[in-house]
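Subject: The structure to look through

Hi,

Here is the structure to open and turn around on your screen. Please keep it in view while you read the notes underneath.

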Amino acid sequence: QVQLVESGGGLVQPGGSLRLSCAASTSILMFGVMGWYRQAPGKQRELVATITSGGRTNYADSVQGRFTISTDTAKNTVYLQMNSLKPDDTAVYYCNAKSFLNYWGQGTQVTVSS
């Protein structure tokens, strides 16, 4: 069974940076798409960024230019580098991986506050 384990969340001041990691229990080469989603209190889960097995990336308009998604196939890990963080970025961030099935991590909390 595939497991995705996120890490790297925490409390950061506005304008700060965080890097989220998502370690997969299997080779990430088996996934056609991997991505990050987030869910703020009282809101629906929304797409943040995705990356295909071919390296094509896609970002939500709200994070374009501030966040970067990347992968390390040797470590079976996908990253989300988040810069210039804003209070509106506060949410639980979830890792997602799609093959024939859809896999989710348990989530990691990101809080942007002074």
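Below is what was found, from the sheet to the charged groups and then the rings.

Please keep in mind that this is a predicted model.

**The sheet**

Let's begin with the strands. An open sheet is built from four of them, in the order β1-β3-β8-β7, with antiparallel pairing. Which strands stand at the edges? They are β1 (4–7) and β7 (67–72), and each has a single partner strand, so one side of each is left without a neighbour in the sheet. On average, and with direction ignored, neighbouring strands here are turned by 15° against each other.

You can follow two of the pairings residue by residue. β1 and β3 are antiparallel partners over four bridges, and Ser 7 stands opposite Ser 21 in β3. At the other edge, β7 pairs with β8 (residues 77–82), again in the antiparallel sense, over six bridges. There, Asp 72 is found opposite Thr 77 in β8. The hairpin of β7 and β8 has four residues between the strands, and one to look for is Asn 76, which takes a positive phi near 55°.

**The charged groups**

Next come the salt bridges. Side chains of opposite charge can pair when their charged atoms come close. How many salt bridges does the model have? The count comes to three.

- Arg 38 and Glu 46 meet through their side chains, at 2.7 Å from N to O.
- Arg 38 also forms a salt bridge with Asp 89, where the closest N and O atoms are 2.9 Å apart. This pair links distant parts of the chain: Arg 38 is in strand β4, while Asp 89 is in the loop between β8 and β9 (91–98), 51 residues apart.
- Arg 66 and Asp 89 meet in a salt bridge as well, at 2.8 Å from N to O. Arg 66 lies in the loop between β6 and β7 and Asp 89 in the loop between β8 and β9, so this pair ties together parts that are 23 residues apart in sequence.

Put these together and you get a network of salt bridges that links Arg 38, Glu 46, Arg 66 and Asp 89.

Are these residues buried or exposed? Arg 38 has a relative accessibility of 6%, and because buried means under 20%, Arg 38 counts as buried. Asp 89 is buried, and Arg 66 is buried too. Glu 46, at 37% relative accessibility, counts as partly exposed.

**The rings**

Now for the aromatic residues, where the count comes to two aromatic pairs. In one of them, the rings of Phe 31 and Tyr 103 have their centres 6.0 Å apart and their planes at 65°. Why is this pair called edge-to-face? Planes over 60 degrees apart count as edge-to-face, and 65° is the angle here, so the pair gets that label. Phe 31 and Tyr 103 come from distant parts of the chain, 72 residues apart: Phe 31 is in the loop between β3 (18–24) and β4 (33–39), and Tyr 103 is in strand β10 (residues 102–104). Phe 31 is buried, with a relative accessible area of 2%, and Tyr 103 is buried at 17%.

Tyr 37 and Trp 104 form an aromatic pair that is edge-to-face, with 5.1 Å from centre to centre and 70° between the planes. This one links distant parts of the chain as well, with Tyr 37 in strand β4 and Trp 104 in strand β10, 67 residues apart. Tyr 37 is buried, at a relative accessible area of 14%, whereas Trp 104 is partly exposed, at 34%.

Arg 45 is worth a look here too. Its charged end sits over the ring of Tyr 94, 3.7 Å from the ring centre. Arg 45 also lies over the face of Trp 104, at 4.6 Å from the ring centre.

**An exposed glycine**

One last stop is Gly 54, in the loop between β5 (46–52) and β6 (57–59). With 73% relative accessibility, Gly 54 counts as exposed. The C-alpha atoms of Gly 54 and Gly 32 are separated by 8.3 Å, and the two residues are 22 residues apart along the chain.

Happy exploring, and best wishes!

Definitions and conventions: Residues numbered from 1 in each chain as written. Predicted model: local features only at pLDDT ≥ 70, side-chain atom pairs only at ≥ 80, totals over all residues. Heavy atoms only, no water. Phe/Tyr/Trp six-rings, centres within 6.5 Å; stacked < 30°, edge-to-face > 60°. Helix = DSSP H or I, 4+ residues; strand = E, 2+ residues; numbered from the N terminus. Buried < 20%, exposed > 50% of the residue type's maximum accessible area, 1.4 Å probe, protein only. Lys NZ or Arg CZ within 6 Å of the ring centre and 35° of its normal. Pairing = 2+ DSSP bridges. Axes fitted to C-alpha atoms, helices over the stretch in contact; angles between N-to-C directions. Salt bridge = Lys/Arg side-chain N within 4 Å of Asp/Glu carboxyl O.
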